Structures are given as C-alpha cells and as structure tokens.
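Student: I would like to go through this chain with you, from single side chains up to the overall fold. Could we take it one question at a time?

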Amino acid sequence: MLQRSWDKVASDVDFNLEIDLARFLGLISRKAKVLDFGCGYGRISNELTECGYIDVTGVDPSFAMIERGRKAFPGVPLLHLDGIDLPFGENAFDVVVICAVFTCIPSLDERDRVSAEINRVLKPGGIVHMSEFCSVKSKGFISGLGIPMRYSSPAELRDVFVGFSCLHEEVVGASTMSGDSSSSYRAFVRKPLNKAMHATSA
C-alpha cells in the first residue's frame, strides 16, 4: 500500500465518494460489528456511528490519516494498519465497508491479498459493501495528488470477491475530489456460509 504517499497529503484531501447509505441502513442491523477497511481519516466510520451503529472500527495504513481522524472524530475507534494483515481473528466482523479502497490499490496482486484478508475476518454469511470509482474499461493513472490509482470496470470489481453472492449492484454517477464527473460501482455481496469456517470460541 502507498501509505507514505497518503501520509504526505493527509491534511490536504477531503474524500467525497459516498457509500449507499440508504440501502446500508435498511440491510444492516445497527448492532452489527462493522469494519471500515481503508477508512482514511474516518469519514465513513463517523457517518455510520452517527447513524446509530454501535460497533464500528476503522483501519488504514496511513498513520497521518488515522491521526487526523482521531482528532476530528475522537469517539470513533480508528486503528493504524501496518501493512495488509488485519489485527483481528477469523470471523470477527459481520460487515466490511470498502469505499474507494481498490481505486487506490493499482496492483491486482495486492488487491487479491486485501480481499483474502477481508474474507478471513468476515463471518460466514457476512456482507461486504463496496463503493469504488469505475470506468467502462480498466485504466491506471497518476492522480492530481501524484498517487498511482486504478479505475476498474464493474466486472473486475465484482470479481474481487469470487464466490460471494451479489445482493445488489449498480453503477451511479459520482464526482472526483477535483470535481470531475465520474462513475461509481456500488455493491453488497454476501460471504457464503461454510461449515468449515465457523468462528472459534475465545
């Protein structure tokens, strides 16, 4: 992950890509244990907390982003993630939220590692909600921040969680941080129930 690059711009960026909050509120219990993976400065974590979710944890590899979030949202648990490995046991979360995370991971191999780790900490039957910038054809580019990014096709994003069932997916209009018109792929996918992956007792 490009944490050093994000550390340099942490105080300057204001992320604006939205999750499908209305559908999230209707689908996910307020008591669900939610992981906001790649939370940046905790914008989505705070939004969910304000909506009544009582157990939301944000993680991000940028220490400067986490520090910004802790100051802005002191009541929201935000953890610095050193690398990709999550500091949680298997089947620890009911829901994982991913907002503009894969957009910021141009390496497909690294995406696979991230999705595998998310799969590990998500309970069988748990839900991933993804909101990512997308394009008709996948393309890599250097953003205005000087950071490598990748817009993926909806099909490529759908394939990140192979074997998950799709509860809902759509492509909607979105705006980049610079105000340019773009598109966003939003999906809710469910991890299959697997008897071999039951949570172990602590």
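Student: Is Y41 buried or exposed?

Tutor: This is a predicted model, and the values are computed from it. A residue counts as buried under 20% relative accessible area. Y41 falls in that class because its relative accessible area is 7%. The answer for Y41 is therefore buried.

Student: How many aromatic pairs are there, and which class does the pair of F15 and Y41 fall into?

Tutor: The count comes to eight aromatic pairs. In one of them, F15 and Y41, the ring centres are 5.4 Å apart and the planes meet at 10 degrees. Planes under 30 degrees apart count as stacked. The pair of F15 and Y41 is therefore stacked.

Student: How many residues apart in sequence are the parts that F15 and Y41 tie together?

Tutor: F15 is in the loop between helix 1 (3–9) and helix 2 (21–27). Y41 is in the loop between strand 1 (33–37) and helix 3 (43–50). Because the two rings sit in these separate loops, the pair ties together parts whose separation in sequence is 26 residues.

Student: Which charged residue sits over the ring of Y41, and at what distance from its centre?

Tutor: A charge counts as over a ring if NZ of Lys or CZ of Arg is within 6 Å of the ring centre and within 35 degrees of the ring normal. Another case in this chain is K33, which lies over the face of F93 at 5.4 Å from the ring centre. For Y41, the residue is R68, with its charged end at 3.8 Å from the ring centre.

Student: What class is the aromatic pair of F141 and Y151, and is Y151 buried or exposed?

Tutor: The centres of F141 and Y151 are 4.9 Å apart and the planes are at 85 degrees, so by the cut-off of over 60 degrees the pair is edge-to-face. F141 lies in strand 6 (residues 139–142) and Y151 in strand 7 (residues 148–151), 10 residues apart. F141 has a relative accessible area of 27% and is partly exposed. Y151, at 11%, is buried.

Student: Which residues of helix 3 are buried, and what covers them?

Tutor: The buried residues of helix 3 are R43, I44, S45, N46 and L48. Their cover includes helix 2, strand 1, strand 2 (55–60), strand 3 (78–80) and strand 4 (93–99).

Student: Which residues does C51 touch, leaving out residues up to four places away in sequence?

Tutor: C51 is in the loop between helix 3 and strand 2. C51 is partly exposed, with 27% relative accessibility. From C51 to L21 the C-alpha distance is 9.4 Å, although the two are 30 residues apart in sequence. The residues that C51 touches are L21, L25 and R30.

Student: What is the phi of N91, and why ask about it?

Tutor: Most residues other than glycine have a negative phi. N91 is not a glycine, yet its phi is positive. N91 is in the loop between strand 3 and strand 4 and is buried at 5% relative accessible area. The phi of N91 is about 60 degrees.

Student: Where is A100, and is A100 buried or exposed?

Tutor: A100 also has a positive phi, near 60 degrees, in a residue other than glycine. A100 lies in the loop between strand 4 and helix 5 (108–121). The relative accessibility of A100 is 18%, so A100 counts as buried.

Student: What is the radius of gyration of the chain, and how many helices and strands are there?

Tutor: The chain has six helices and nine strands. The globule rule gives 17 Å for 202 residues, and the value for the chain is close to that, so the chain is as compact as a globular protein of that length. Of the 202 residues, 49% count as buried. The radius of gyration is 16 Å.

Student: Which residues does UniProt list for "domain: Methyltransferase type"?

Tutor: The UniProt entry is unreviewed. In the model, the listed span is 34% helix and 28% strand, and its end C-alpha atoms lie 9 Å apart. The residues that UniProt lists are 35–128.

Technical notes: Residues are numbered from 1 along each chain as its sequence is written. This is a predicted model: local features need pLDDT of at least 70, side-chain atom pairs count only at pLDDT 80 or more; totals for chains, interfaces and linings use all residues. Side-chain values use heavy atoms; hydrogens and water are left out. UniProt positions are given in the numbering used here, feature names are shortened, and annotations may be inferred rather than shown by experiment. Helices (H or I, at least four residues) and strands (E, at least two) are DSSP runs, numbered from the N terminus. Rings of Phe, Tyr and Trp (its six-membered ring) pair if their centres lie within 6.5 Å; planes under 30 degrees apart count as stacked, over 60 as edge-to-face and the rest as tilted. Buried means under 20% relative accessible area, exposed over 50%, partly exposed in between (1.4 Å probe, protein chains only). The radius of gyration is taken over C-alpha atoms; the globule rule is 2.2 Å times the number of residues to the power 0.38. Contact means heavy atoms within 4.5 Å.
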